[in-house]
Amino acid sequence: MGNVNSVDELAALALLAEPVRLELYRYVRARHESVGRAEAARAVGISMKLAAHHLDRLVEAEMLEFGYRRLSGRTGPGAGRTAKVYTVSQQRFAVSLPQTGYS
């Protein structure tokens, strides 16, 4: 039987077959810093709700990580709510397929 982890990795990578999700992943990866939902949505031309859906799916697959921070740059009381932000995870993905032997 195959390695379960390989199946999980293949499923995670398959998430990138969705064009909008791939575009979001590439955007977050290119930024080299945490990215908020609104910024990611604007960058790829979609609604913030749709961006949140796709970004959270990538978090579930361990392709992205999330945290919270204030995006306004202000601190202290009255600085506003913290926003959910995303960064590329350190998780590495590798999928190998068995070699086929055609005679």
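**Warm-up**

R31 is partly exposed (between the cut-offs for buried, under 20% relative accessible area, and exposed, over 50%, with a 1.4 Å probe and protein chains only), with a relative accessible area of 31%. Keep in mind that this is a predicted model, where local features need pLDDT of at least 70, side-chain atom pairs count only at pLDDT 80 or more, and totals for chains, interfaces and linings use all residues. Residues are numbered from 1 along each chain as its sequence is written, and side-chain values use heavy atoms, leaving out hydrogens and water.

**Exercise 1.** Work out which residues the salt bridges that share partners join into one network with R31.

*Solution.* Start with the term: a salt bridge puts a side-chain nitrogen of Lys or Arg within 4 Å of a carboxyl oxygen of Asp or Glu.
- Step 1: R31 pairs with E33 at 2.5 Å, N to O.
- Step 2: R31 also bridges to E39, with the closest N and O atoms 2.9 Å apart.
- Step 3: K84 and D56 make another salt bridge, at 3.1 Å between the closest N and O atoms.
- Step 4: Shared partners link R31, E33 and E39 into one network.

**Exercise 2.** Find the residues that L55 contacts, leaving aside its neighbours within four places in sequence.

*Solution.* Contact means heavy atoms within 4.5 Å.
- Step 1: Skip those close neighbours, and you get L24, V28, R37, A40, L64 and Y86.
- Step 2: Now look at the largest nonpolar core (buried Ala, Val, Leu, Ile, Met, Phe, Trp, Tyr and Cys residues joined through side-chain atoms within 4.5 Å). Of its 20 residues, Y25, L55, M63 and L64 touch the most other members.
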